[in-house]
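Biologist: I'd like to learn how to read a few features off a model. Could you walk me through some, one at a time?

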Amino acid sequence: MTVSTPPTLPPKIHPLVRAFLDAPGAVADALARFGSPAHLVFPQVFAENLGHFRDVLDEQGTGYRICYAHKVNQSRAFVRTAERAGIGIDVASAAELASAVDAGFATDRIEVTGPKGEAFLRALVGTGVTVNADNLWEVRRLAELADAPVPLLLRLSGFPATPVSRFGVPLWQAEEALALLAAHRDRITFRGFAFHIDSGEPAERLRAVEACLALTERAYACGLVPTVLNIGGGFRQVFTSDADAFDRYVVALRAGLLGRGEALTWGGNTFGFHLDGGAVHGTPVFHKYANTVPATRMLTDLLGAELEQHGGRAMARLAAENLLDIWLEPGKALVDHAGITAARVEFVKDVAADTTLVNLDVSRDTVTPADQEVMVDPVLLPGGDVPDTDHGDAPVGVFLAGRLCLERDLITNHKVWLPRRPRPGDVIVFPNTGAYHMDLSAANASMHPRPPKLAVAQRGDGFRVCRDEEYEPVAAAGSREA
């Protein structure tokens with residue numbers, strides 16, 4: 001079906017990425033050299049995002065450490081860029097630790113987070129990495145295993161009016177934790193408290209900060225000398241370039257669910273909405289795509305927030321007054337707009353009067369985690385040799401289908417409008433897939449190989465594309481260039 005003014009979901013695309021997409025033949029040449037589909041990462045965008053974080057922290061005049069959350073993307077190019085820039089890294093497995101060390105990170109710049117088993121704890125003892133302890137068992141085992149002091153942060157959870165978390169030591173165990181740390185000062189160097197709030201609600205983070213500051217005072221009373229307040233990650237991305245257009249699409253989608261307009265979903269998918277009394281209720285599974293607050297604004301607001309329990313002084317000022325360095329673990333925010341996924345159109349078919357499927361040589365779980373929906377429009381690039389003489393150049397609404405022989409392998413369960421009907425050999429580019437989308441759920445079902453990961457760098461007036469593992473940064477630490 002073609003419409004004159006279709007509802008769209010315009011993606012936000014970094015200018016460097018946009019220049020690469022607009023460069024004649026650049027994407028097609030990369031796919032011809034390395035194969036389709038392919039993930040492409042842009043380390044220079046990563047470096048720019050890092051620079052913006054540093055600008056915010058530098059303005060506060062407090063000590064800090066940025067630890068790139070490796071789990072967000074397995075790209076070696078990103079890890080090498082982080083190492084060259086002189087920041088820390090947050091790893092959550094033995095393989096991520098090996099990746100960081102291989103990329104050049106000294107162990108004193110490595111923080112290990114997440115739940116850890118016996119074998120991993122044994123491997124960490126004596127390395128000099130900072131262990132962000134998830135539970136009291138980890139603290140006890142480190143004390144038992146260590147021959148020399150192990151640097152340790154204690155992750156907390158269970159803050160007031162905050163959803164329960166499976167991670168961290170609940171506040172009601174904090175006194176027991178402090179007693180344990182004080183009893184083992186010869187084997188554990190307590191560096192401070194940590195938390196991670198995966199929420200866009202500032203009040204939740206502030207309650208966590210206040211709890212950590214109160215426990216920092218208790219730690220002093222126990223003879224401990226904490227020097228770090230780790231505020232974690234969870235700094236969000238901005239996917240859409242037009243929030244109003246996003247809202248209009250959601251309105252049209254909701255109307256379609258009620259039968260009051262064109263159906264925009266495949267097979268009655270409601271995306272987490274529910275229908276009751278002639279209205280649409282609930283929070284959709286794609287709610288993160290509605291965010292319009294940049295990560296740096298989230299960080300600025302948090303650092304400048306006035307804490308009532310401390311005379312209205314700003315959070316960053318309180319940390320400085322207590323001689324606490326602020327650590328943070330951004331992942332999504334550092335790779336925001338620094339990755340895309342490109343796939344070729346295999347064929348196009350009409351399965352109903354108003355339902356067109358565009359089949360790609362990629363599966364859904366290569367582009368996005370299975371429980372999420374990519375709510376930004378892909379980019380259609382020309383390719384192939386078959387002229388499209390039957391359908392003109394009017395916008396066309398389609399569903400994008402994957403290559404697996406499974407009904408569920410629909411890349412989009414919502415209708416997307418492309419500027420024209422795609423042709424076999426055309427390229428579909430999914431913007432901003434660098435955060436988790438490339439690695440978290442990628443499968444090799446039907447024995448399809450995983451897509452290659454490529455690093456793209458702007459050099460002079462052109463672009464250089466190489467395999468991710470071959471990329472090396474060329475700029476000085478902290479530069480916006482990589």
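**Reading rings, helices and neighbours**

Modeller: Sure, and let's start inside: phenylalanine 46 and phenylalanine 78 are both buried. Keep in mind that this is a predicted model.

Biologist: How do the rings of phenylalanine 46 and phenylalanine 78 sit, centre to centre and in the angle between the planes?

Modeller: The general idea is that an aromatic ring pair is described by the distance of the centres and the angle of the planes. Here phenylalanine 46 and phenylalanine 78 are 5.2 Å apart, centre to centre, with 20° between the planes, and that pair is stacked. The two rings come from distant parts of the chain: phenylalanine 46 belongs to helix 3 and phenylalanine 78 to helix 4, 32 residues apart.

Biologist: And what do phenylalanine 190 and phenylalanine 193 form?

Modeller: An aromatic pair again, this one edge-to-face, with 75° between the planes and 5.1 Å centre to centre. Phenylalanine 190 has a relative accessible area of 6%, so it counts as buried, the cut-off being under 20%. Phenylalanine 193, at 2%, is therefore buried by that rule too.

Biologist: How many aromatic pairs does the count come to?

Modeller: Twelve aromatic pairs. Rings can also group into a cluster, as Phe246, Phe271, Phe273 and Phe286 do.

Biologist: Back to the helices. At what angle do helix 3 and helix 4 pack?

Modeller: For a helix pair, look at the angle, the axis distance and the handedness. Helix 3 (residues 43-60) and helix 4 (residues 76-85) pack at about 40°, and their axes are 9 Å apart. That angle is outside the range for roughly parallel, which is under 35 degrees, so the two helices count as oblique to each other. Their crossing is right-handed.

Biologist: Which residues in helix 3 meet helix 4?

Modeller: On the helix 3 side, Pro43, Phe46, Ala47, Leu50 and Arg54; they meet Ala77, Phe78, Thr81, Ala82 and Ala85 of helix 4. Sorted by class, this contact has eight nonpolar residues, one polar and one charged.

Biologist: Are helix 3 and helix 11 roughly parallel or roughly antiparallel to each other?

Modeller: Same recipe: start from the angle. Helix 3 packs with helix 11 (residues 295-304) at about 15°, with the axes 9 Å apart. An angle under 35 degrees counts as roughly parallel, so that is the label for helix 3 and helix 11. Helix 3 passes helix 11 in a right-handed crossing. From helix 3, His52, Phe53, Val56, Leu57 and Gln60 meet Ala295, Thr296, Leu299, Thr300 and Leu303 of helix 11. The residues of this contact divide into six nonpolar and four polar, with no charged.

Biologist: Now single residues. Is alanine 252 buried or partly exposed?

Modeller: Begin with accessibility, then list the neighbours. Alanine 252 lies in helix 10 (residues 243-257). With 25% relative accessibility, alanine 252 counts as partly exposed, because buried requires under 20%. Leaving out residues up to four places away in sequence, alanine 252 touches Pro7, Glu262 and Leu264. The C-alpha atoms of alanine 252 and leucine 264 are separated by 7.8 Å, and the two residues are twelve apart along the chain.

Biologist: Where is leucine 381 found, then?

Modeller: In strand 17 (residues 379-381). Its relative accessibility is 12%, so leucine 381 counts as buried. Apart from neighbours within four places in sequence, leucine 381 is in contact with Leu21, Val27, Asp426, Val427 and Val429. As for valine 474, it is 93 residues from leucine 381 in sequence and 30 Å from it in space, C-alpha to C-alpha.

Technical notes
Residues numbered from 1 in each chain as written. Predicted model: local features only at pLDDT ≥ 70, side-chain atom pairs only at ≥ 80, totals over all residues. Heavy atoms only, no water. Axes fitted to C-alpha atoms, helices over the stretch in contact; angles between N-to-C directions. Helix = DSSP H or I, 4+ residues; strand = E, 2+ residues; numbered from the N terminus. Parallel < 35°, antiparallel > 145°, perpendicular 65-115°, else oblique. Left-handed = near helix turned anticlockwise from the far one by under 90°. Contact = heavy atoms within 4.5 Å. Nonpolar A, V, L, I, M, F, W, Y, C, P; charged D, E, K, R; others polar. Phe/Tyr/Trp six-rings, centres within 6.5 Å; stacked < 30°, edge-to-face > 60°. Buried < 20%, exposed > 50% of the residue type's maximum accessible area, 1.4 Å probe, protein only.
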